[in-house]
Amino acid sequence: MTQEKYPKDRPVFRFAPSPNGRLHLGHAYSALLNQKLAREVNGVMLLRIEDTDLVRCTPVLEQRMLEDLNWLGFQWDDEARRQSDHLDVYQNAISRLQDMGLVYPAFMSRREIREFVECETSKGENWPCDPDGVPHYPNIDRYLARSERDARIASGEKFSLRLDMAAAVARIDIPLFWNEEGKGTQGQSGRIDADAMQWGDIVLSGKDYPASYHLASVVDDALCGVSHIVRGRDLFDATAVHRVLQNLLGYHTPIYFHHDLILDKDGNKLSKSRNDTSLAELRAAGASPQDIRQIIGLDDIQV
């Protein structure tokens, strides 16, 4: 599918779940809100299956996910796009970033990162963390000699590929921003300046997945001509990273709408490990699709 497939005057929306667990009420809200907004503007509604995590995503979970969406009444145009069918596209994007000198192999494991950061903080260092609270990757591997990198890779040592964020931002000579039609984590809307440095050197390709969420999502949105990205507010800050990748790869900038999250009774974000909010459990308990729409506040949607 390419961005030329649909007329340029038709907005393109997408819902992009991962088949790594059962869908819950939060997914239902995002799916049906996308469908509602797309219908209001005669837009195209696409479904993307984000299954680049080759360990956690399985065909069984994908089938259950599709069953949940069909039961809910979520409707999409065209065939669903499965990311695992397009791994070469993501590799091409990574190769382009490598040609710019913006990618390096990162060899540290999660345990090694944690131990390194603990050591630095024990010395009184203030170690930066990204908006999700994850410590930035240490810059040791960024400055390894080419000969050492090649030798470690040739020896079979596992590694991920990371974006040198400082170099990437320095390469962009215009202010980066996006237009927010929803609200951010602090209630922001309108023109939002993109601060990607707060994320550190993000992963582009990991040891267990050939393309990270950030990379694959940006590439797919561009190739499918997605004009409106409607997703949860928990991804608001990540948009800064996506704007950097869009600029480097020469992609268009979509309009963003970050919506409220469906929270549990304690005010926490829903998790796929919480069975009591899964669509499957609610259906088994006798809930109807209309019941779900009422629970999430979208009962005016007609299916």
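This is a short tour of a predicted model, stop by stop, with something to select at each one.

Before you start, note that residues are numbered from 1 along each chain as its sequence is written. In this predicted model, local features need pLDDT of at least 70 and side-chain atom pairs count only at pLDDT 80 or more, while totals for chains, interfaces and linings use all residues; side-chain values use heavy atoms, with hydrogens and water left out.

**Stop 1: the core around Leu-204**

Select Leu-204, which is found in strand S8. Strands (E, at least two residues) and helices (H or I, at least four) are DSSP runs, numbered from the N terminus. Leu-204 is buried, at a relative accessible area of 0%. Here buried means under 20% relative accessible area, exposed over 50%, and partly exposed in between, with a 1.4 Å probe and protein chains only.

Now show what surrounds Leu-204. Leaving aside neighbours within four places in sequence, its contacts include Ile-94, Leu-97, Val-103, Leu-161, Leu-215 and Leu-245; a contact means heavy atoms within 4.5 Å.

Widen the selection to the largest nonpolar core, which has 41 residues. Leu-97, Leu-204 and Leu-215 are those with the most contacts inside it. Colour strand S2 (44-49), helix H3 (87-99), strand S5 (160-163), helix H6 (165-171), H7 and helix H8 (239-249), since each supplies at least two residues of this core. H8 gives the most, with six residues. A second, separate core of 27 residues includes Ala-28, Met-65, Leu-69 and Ile-292. A nonpolar core is a set of buried Ala, Val, Leu, Ile, Met, Phe, Trp, Tyr and Cys residues joined through side-chain atoms within 4.5 Å.

**Stop 2: Ser-212**

Go next to Ser-212, in the loop between strand S8 (203-205) and helix H7 (213-223). Ser-212 is buried, with a relative accessible area of 5%. Not counting residues up to four places away in sequence, Ser-212 touches Val-203, Leu-204 and Ser-205. Draw a distance from its side chain: a polar atom there lies 2.8 Å from the backbone oxygen of Val-203.

**Stop 3: the cysteines**

How many disulfides does the structure hold? There are zero, a disulfide being a pair of cysteine sulfur atoms within 2.5 Å. Select Cys-57 to see why: its sulfur is 18 Å from the closest cysteine sulfur, in Cys-224, too far for a bond. Both residues are out of the solvent by the cut-off above: Cys-57 counts as buried at 11% relative accessibility, and Cys-224 counts as buried at 5%.

**Stop 4: salt bridges**

Finish with the charged side chains. The structure holds 19 salt bridges, each a side-chain nitrogen of Lys or Arg within 4 Å of a carboxyl oxygen of Asp or Glu.

- Arg-82 and Glu-62: their side chains meet at 2.6 Å, N to O. The pair links distant parts of the chain, from strand S3 (residues 81-82) to helix H2 (residues 59-72). Arg-82 is partly exposed at 29%, whereas Glu-62 counts as buried at 10%.
- Glu-115 and Arg-111: the closest N and O atoms are 3.2 Å apart. Both lie in helix H4 (residues 110-122), four residues apart, about one turn of the helix.
- Glu-120 and Lys-123: the closest N and O atoms are 3.4 Å apart. Glu-120 is buried at 16%, but Lys-123 counts as exposed at 57%.

For a last selection, take Arg-14, Arg-48, Glu-50, Arg-81, Asp-220 and Asp-221 together; salt bridges link them in a network.

Technical notes. A polar contact is a pair of N or O atoms within 3.5 Å; within protein, one must be able to donate a hydrogen and the other to accept it, and residues adjacent in sequence count only if both atoms are side-chain atoms.
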